[in-house]
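Subject: Structure for you to look at

Hi,

Here's the structure I said I'd pass on. Have a look at it first, then read my notes below.

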Amino acid sequence: MRRPGLLTAGALLLLLAALAWRSVVDIDVGIHLAGGRWIVEHRAVPTLDPFTWSIPDHPYVAYHWLFQVGLYACERVAGVTGMAALRLGLLLATGLLLLATVRTRATSAAASAAIGLAALLASEWRFTLRPELVSLVLAAASLWVLERRARSHWIYLLPVIQVVWANTHVHAIGLGILACYVLEDVVRARSLRTRLVGVALVSALAALVNPYGLTGAAAPLTLAARFSASDAFAGHIAELVSPLTIIPDPMQPFTTSAALFAYRALFAFGLLAIALLLRARHLADAALVVVFGALSALAVRNVALFAVVTMPALARALDLLLASLAAPLRGKLAAALLYGSCVLALLQIPRVVSGTFYAGDRRPDRFAAELCADCLSLETADWLARAAPAGPLLNNLVLGSTLIWRAPAQRVFVDGRNEVSGEAFYRESLRALDPAHFEEARARWGFETVALAHRGVARAARLTAHLVRDPAWRLVHVDGAGVVFARSAGPNAALPAAVLPAPVGTDERERLFAQIQVDAGTLASLRRWLWSREAPPGALHGLGNFLARIDLFEAAERPLLAAATQSPGFYEPHLDLGLLYQRAQLRRLALASYRRALALAPDHPDLAALNEALAARNQNGQLVDSVPPSTSMTLPVTQDDADDAR
């Protein structure tokens with residue numbers, strides 16, 4: 001690889017490292033840390049659910065137990081830095097193995113760089129602390145080994161890889177990769193008696209080497225049902241939506257991102273690549289694109305796997321396409337791909353480090369080894385751990401996943417382990433959160449406390465609005481990500497009421513409002529795109545937005561003013577203040593807030609109705625009724641509430 005190729009490879013690896021070193025935002029991390037802790041403490045894997053009080057008789061097959069123990073060990077040794085280092089190590093290993101694979105194939109630097117950058121951008125959204133990170137590195141390792149199958153003994157590592165896979169994630173991924181290469185070898189040899197066929201059979205049997213035996217090997221295969229439209233989880237969890245059917249929506253971060261564009265570009269090229277690879281008799285590569293392309297089309301959660309597994313195949317196909325061009329054009333296009341990929345990769349690095357790469361899509365990720373307190377509802381979980389309310393607890397899925405980690409003594413009603421809860425109970429848990437059925441559920445389950453993660457969860461806001469008006473329940477805690485109620489006449493009646501933000505007086509309101517400085521010029525927008533440490537609205541905005549959604553307007557004003565002061569370059573807190581002031585009949589402040597929001601995002605589809613409403617103002621300067629009425633529009637929707645956004 002010549003110097004430009006080495007430079008581009010280095011730029012891609014630097015970008016990969018920058019994207020890998022990020023804050024912990026995924027709620028599933030609580031599940032895996034709690035699982036790892038339980039396994040270490042009991043020196044065994046669980047067989048029945050140890051975390052819920054509602055379904056303790058449900059079987060629990062922790063087929064990713066090895067990942068859970070490894071993650072827990074990293075957290076115990078080095079805290080969140082240890083977890084961040086684990087992610088960084090796994091992803092860098094994946095990148096280096098893919099680089100080694102394309103070099104073994106003698107793929108051109110131009111094709112490797114272009115496809116590598118697209119694969120990196122397409123997959124980074126899934127760089128979460130989940131077992132699939134292990135699948136990515138094992139998939140890359142399998143490709144590296146299989147490329148050397150004809151001339152080395154590395155092939156005998158495949159059963160070992162499969163054993164690790166069977167104890168960390170979905171081992172069927174490895175078998176699928178193996179099957180594609182077996183197909184090519186069998187067709188070329190015109191016989192089933194090849195060395196790879198024998199290794200593949202041993203690898204399939206190796207999946208039985210796990211604490212649960214056949215049950216553990218079969219458990220991940222049940223995930224296939226999640227891709228059915230009739231599946232309860234598929235209807236409510238955003239990551240199970242097909243990336244090909246997603247309509248751009250500013251409230252859903254992934255829908256407008258470079259990641260979705262890069263994936264669709266890869267998928268589209270994959271359709272052409274299949275023909276190119278088949279014509280060149282690269283059957284394994286073509287099969288990989290078909291199989292993993294189909295999987296990626298089923299659900300967003302499979303996009304990273306598609307990007308990693310097919311990257312060498314798509315790079316080879318791009319080389320085949322370039323080879324079909326005339327020499328002068330081929331050289332110019334290859335140079336453009338190589339240098340363009342290098343420049344684009346280098347340009348993204350400062351954006352990732354400063355946070356603008358994530359902030360543009362309103363994602364909570366940061367270039368830091370830290371926990372995202374709002375994403376994980378840490379303040380609410382820690383409050384419950386301290387308060388230790390008595391009696392059965394009703395919680396939603398998002399909060400339950402953090403609670404089993406942060407408040408181990410507090411059994412939960414439901415958490416994110418869908419394979420444990422099952423479809424029937426999951427539907428029942430959603431029904432319990434419906435105000436129309438809440439009393440029926442309480443009569444059955446005897447809830448004494450209700451704790452909900454509310455960050456972008458419309459269902460939580462509806463139940464909270466119901467409980468706030470019900471004298472049988474008391475608000476005992478609220479923050480920017482969670483809320484807790486206790487039954488007034490129950491065993492938790494002594495818990496003190498939640499302290500709400502103090503109302504803002506007239507003079508203070510004018511002073512605080514005047515302190516908000518908004519820079520909406522072209523240079524400011526460019527700076528916020530390339531390098532800006534201004535964080536998107538966080539806990540204060542979440543608190544104010546939520547309080548407004550449940551009609552506690554006086555309490556909502558102070559945190560919204562603080563959010564607009566801290567994050568003046570984001571339209572959301574200004575829009576929410578406008579909505580708040582419009583409802584309070586403070587029309588001058590409402591108009592000023594709306595204008596700030598429009599100055600920051602004049603073309604944002606969410607503000608189209610607002611723009612039309614302001615244009616239609618009457619001569620007295622009063623606002624017309626067509627201004628959007630709901631403050632919930634400015635918060636992204638979380639995974640367990642995706643149906644409410646549809």
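A106 counts as exposed because its relative accessibility is 64%, and the cut-off for exposed is over 50%. Keep in mind as you look around that this is a predicted model. You'll find A106 in the loop between helix 3 and helix 4. What caught my eye there is the backbone: A106 has a positive phi of about 60 degrees, even though it isn't a glycine. For background, most residues other than glycine have a negative phi.

A388 is another one to click on. Its phi is near 45 degrees, again a positive value in a residue other than glycine. Where does A388 sit? It's in the loop between helix 16 (378-387) and strand 1 (393-395). With 53% relative accessibility, A388 counts as exposed.

Next, the empty space inside. If you haven't met this kind of search before, rolling a probe the size of a water molecule over the atoms shows where empty space is left. How many cavities of 30 Å³ or more does a search of the whole structure find? There are two. The largest cavity holds about 400 Å³ of space. Its lining is made up of 25 residues, and L12, G95, L98, G116 and M311 are the ones nearest the centre. Four helices each give two or more residues to that lining: helix 1 (3-20), helix 3 (65-104), helix 4 (109-123) and helix 12 (303-323). Which helix gives the most? That's helix 4, with seven residues. As for the chemistry of the lining, 18 of the residues are nonpolar, seven are polar and none are charged.

Last stop, the surface. There's a nonpolar patch formed by L344, L347, L523, L526, W529, L530 and W531, and together they have about 690 Å² of accessible area. Two elements give two or more residues to the patch, namely helix 13 (327-354) and helix 22 (522-530). Helix 22 gives the most, with four residues. Try picking out L344, which is found in helix 13. Is L344 buried, exposed or partly exposed? It counts as partly exposed, because its relative accessibility is 45%, and that class covers values between the under 20% of buried and the over 50% of exposed.

That's the tour. Send me a note if you get stuck anywhere.

Cheers

Methods. Residues numbered from 1 in each chain as written. Predicted model: local features only at pLDDT ≥ 70, side-chain atom pairs only at ≥ 80, totals over all residues. Heavy atoms only, no water. 1 Å grid on protein atoms, 1.4 Å probe; cavity = no way out; pocket = protein on both sides within 12 Å on 5 of 7 lines; lining within 4 Å. Points joined across faces, edges and corners; volume = space filled by probe spheres on them. Nonpolar A, V, L, I, M, F, W, Y, C, P; charged D, E, K, R; others polar. Patch = residues over 30% accessible without salt bridge, like charges linked within 9 Å, V, L, I, M, F, W, Y side chains within 5 Å. Areas by Shrake-Rupley, 256 points an atom, 1.4 Å probe, with all protein chains shown as cover. Salt bridge = Lys/Arg side-chain N within 4 Å of Asp/Glu carboxyl O. Buried < 20%, exposed > 50% of the residue type's maximum accessible area, 1.4 Å probe, protein only.
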